[in-house]
Amino acid sequence: MGQTTRTAENQAGTARSRHAWHPSSWKELPALQQPDWPDKLALERATGRLASLPALVKSAEVHQLRTELARVADGNAFLLQAGDCSESFDEFSARAVRDKLKVILQMAVALTYAAGLPVVKVGRIAGQFAKPRTSETENVNGTTLPSFRGHMVNCDLPDQASRVPDPERLTTAYNQSSATLALIGAFSKGGFADLSHVHSWNLEFVASSKEGKRYNRIANEIDQALRFISACGVELNAEEELHRVNFYTSHEALILPYEEALTRVDPFSGSWYDSSAHMLWVGERTRQPEGAHVEFLSGITNPIGVKIGPATSPDQLIALCSRLDPERTPGHLTLITRIGHSKVRELLPPLLEAVREEGFPVVWACDPMHANTITSTSGRKTRKFDDILAEIRGFFKAHQEVGTRPGGVHIELTGDNVTECIGGLDDLAEDQLHLRYTTTCDPRLNARQSIELAFQVSELLRS
Ligand code: PEP
Ligand code: CO
């Protein structure tokens with residue numbers, strides 16, 4: 001074990017021994033990106049209510065996800081984590097949830113079919129309602145307003161009153177997460193995700209496109225394979241795996257009073273888990289090893305993720321791993337790198353080497369979105385499909401060079417036919433962005449661009 005790690009572990013040890021972990025121990029440390037709630041009593045009332053409500057996800061599912069992620073860490077599965085940048089209270093509908101699931105299931109089929117690897121499916125969904133912001137204020141049509149912080153905190157409408165943090169929104173976030181989880185359960189276990197329905201996942205506006213047709217060819221081959229297996233005498237109805245999928249939820253653990261209120265004791269193991277989602281991650285802006293967010297995540301048994309940006313040094317990364325995965329549990333920690341397409345080849349290999357040298361059994365995932373955001377000439381935030389793909393290619397190359405495993409991708413997407421990212425097979429142009437630009441935060445890939453990306457990633461996995 002190197003000198004670096006000993007130092008990092010000592011620091012982490014010091015931080016831990018200062019106080020025993022408890023769902024509220026984060027309060028003893030600096031918490032960045034917390035809204036300035038004007039009515040503290042209302043916040044207490046809201047979190048008090050949440051603490052008495054049922055857990056959103058079951059601890060058994062959380063453990064199951066960790067088992068699946070341990071397979072990813074071993075190179076025997078691939079992680080697809082995808083969904084909205086920021087879920088909306090206003091755009092919530094069963095159709096929108098279903099269409100997002102369709103795209104993610106389609107991407108998983110493309111990846112599984114080409115690479116022969118099981119795909120672990122984790123949505124940025126059912127709780128992804130809070131956004132870290134670089135600036136406290138933003139300029140909307142010439143007016144300076146407090147920044148929009150996600151629907152769990154305030155409203156995106158461009159007026160002062162809408163931007164005031166409102167604790168009632170924590171309850172709405174819980175309720176919408178609960179409804180979304182019910183829909184996900186119905187879709188993933190109730191026949192919709194049955195492998196014999198692969199054709200029906202092709203959304204109308206995707207089916208006619210080149211990537212939609214490529215998907216349909218795979219769907220035909222899957223149909224044929226199922227018929228063949230059935231003809232060989234295998235009772236397909238008895239094979240549960242063909243009729244349901246495991247679909248997990250995740251979000252950024254940003255608003256700590258909300259996460260604390262939903263943290264429960266797992267009745268089987270006696271350990272704490274955050275019942276707001278199966279997996280939680282800490283963002284690039286709040287991942288200080290001595291900060292409140294890392295303290296909170298260090299005590300829960302859920303699989304956790306950490307965003308790793310271009311300024312992260314190998315020493316800082318090892319300090320984070322020591323703090324968040326001291327027991328070195330396979331599948332517990334996912335490092336989500338978001339470095340930028342032009343820097344990934346240079347900056348990623350030293351990080352991979354450091355973590356390998358210290359023996360942390362992490363999952364490495366690539367978020368090719370957050371370090372490739374640009375502003376279009378019309379002033380809209382956007383991302384180029386080619387930059388997104390270039391970061392993923394750089395991620396695979398870096399792993400190949402170092403001999404580590406590219407474990408997954410982390411994508412912002414929607415099942416809707418939006419015009420938010422430039423490029424892809426349709427060659428969406430900058431002057432088309434205004435047509436259907438509906439995101440409340442970052443630009444997302446539309447369903448066609450998402451399927452195209454999955455095919456490109458599946459080729460990288462195959463080679
Ligand atoms: C996000 O995932 O939406 C996000 C804000 O990412 P990051 O913390 O990597 O900037
Ligand atoms: Co985002």
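## Exercises on a cobalt site, salt bridges and cores

Aspartate 442 counts as buried, because its relative accessibility is 7%. Here buried means under 20% relative accessible area, exposed means over 50%, and partly exposed lies in between (1.4 Å probe, protein chains only).

This is a predicted model, in which local features need pLDDT of at least 70, side-chain atom pairs count only at pLDDT 80 or more, and totals for chains, interfaces and linings use all residues. Residues are numbered from 1 along each chain as its sequence is written, chains are lettered from A and ligands numbered from 1 in the order in which they are written, and side-chain values use heavy atoms, with hydrogens and water left out.

**Exercise 1. Find which residues coordinate the cobalt ion (ligand 2), and place Glu412 and Asp442 in the chain.**

*Step 1.* Collect the donors: N, O and S atoms within 2.8 Å of the metal (3.2 Å for Na, K and Ca). Water is not among the atoms, so sites may look incomplete.

*Step 2.* Read off the contacts. Cys85 gives SG, His370 gives NE2, Glu412 gives OE and Asp442 gives OD. The distances run from 2.1 to 2.4 Å.

*Step 3.* Write the spacing of the donor residues: C-x284-H-x41-E-x29-D.

*Step 4.* Place the two carboxylates. Glutamate 412 sits in strand β14 (residues 408-412), and aspartate 442 sits in the loop between β14 and α13 (447-462). They are 30 residues apart and link distant parts of the chain. Helices (H or I, at least four residues) and strands (E, at least two) are DSSP runs, numbered from the N terminus.

*Step 5.* Check burial. Glutamate 412 counts as buried because its relative accessibility is 0%.

**Exercise 2. Follow the salt bridges, starting from aspartate 442.**

*Step 1.* Set the rule. A salt bridge is a side-chain nitrogen of Lys or Arg within 4 Å of a carboxyl oxygen of Asp or Glu. The whole structure holds 24 of them.

*Step 2.* Take aspartate 442. Its partner is lysine 381, with the closest N and O atoms 2.7 Å apart. Lysine 381 lies in strand β13 (residues 381-383), 61 residues from aspartate 442. At 29% relative accessibility, lysine 381 is therefore partly exposed.

*Step 3.* Widen the view. Salt bridges link Arg124, Lys381, Arg383, Glu412 and Asp442 in a network. Glu412 and Asp442 are also cobalt donors.

*Step 4.* Try another pair. Arginine 448 bridges to aspartate 426, with the closest N and O atoms 2.5 Å apart. Arginine 448 is in helix α13, while aspartate 426 is in the loop between β14 and α13, 22 residues away. Arginine 448 is buried at 16%, whereas aspartate 426 is partly exposed at 43%.

*Step 5.* Add aspartate 99 and arginine 98. Their side chains meet at 3.3 Å, N to O. Aspartate 99 is buried at 7%; arginine 98 is partly exposed at 28%.

**Exercise 3. Describe helix α3: what are its span and its buried residues?**

*Step 1.* Count and calculate. α3 covers residues 59-73, which makes 15 residues. The expected span is 1.5 Å times one less than the number of residues.

*Step 2.* Compare. The first and last C-alpha atoms of α3 are 21 Å apart, close to the expected 21 Å.

*Step 3.* List the buried residues: Ser59, Val62, Leu65, Glu68, Leu69, Ala70, Val72 and Ala73.

*Step 4.* Look past the end. Glycine 75 follows α3 and has a positive phi, near 85°.

**Exercise 4. Which members of the largest nonpolar core touch the most others?**

*Step 1.* Define the set. A nonpolar core joins buried Ala, Val, Leu, Ile, Met, Phe, Trp, Tyr and Cys residues through side-chain atoms within 4.5 Å.

*Step 2.* Pick the hubs. In this core of 111 residues they are Tyr258, Leu335 and Trp364. Helix α4 (residues 94-115) contributes the most, ten residues.

*Step 3.* Note the second, separate core. It has 14 residues, including Val120, Tyr248, Met279 and Ala365.

**Exercise 5. Compare two residues with positive phi: is each buried or exposed?**

*Step 1.* Recall the background. Most residues other than glycine have a negative phi.

*Step 2.* Take alanine 126. Its phi is near 60°. It lies in the loop between β2 (119-124) and β3 (137-140). At 0% relative accessibility, alanine 126 is buried.

*Step 3.* Take asparagine 141. Its phi is about 45°. It lies in the loop between β3 and β4 (143-146). At 77% relative accessibility, asparagine 141 is exposed.
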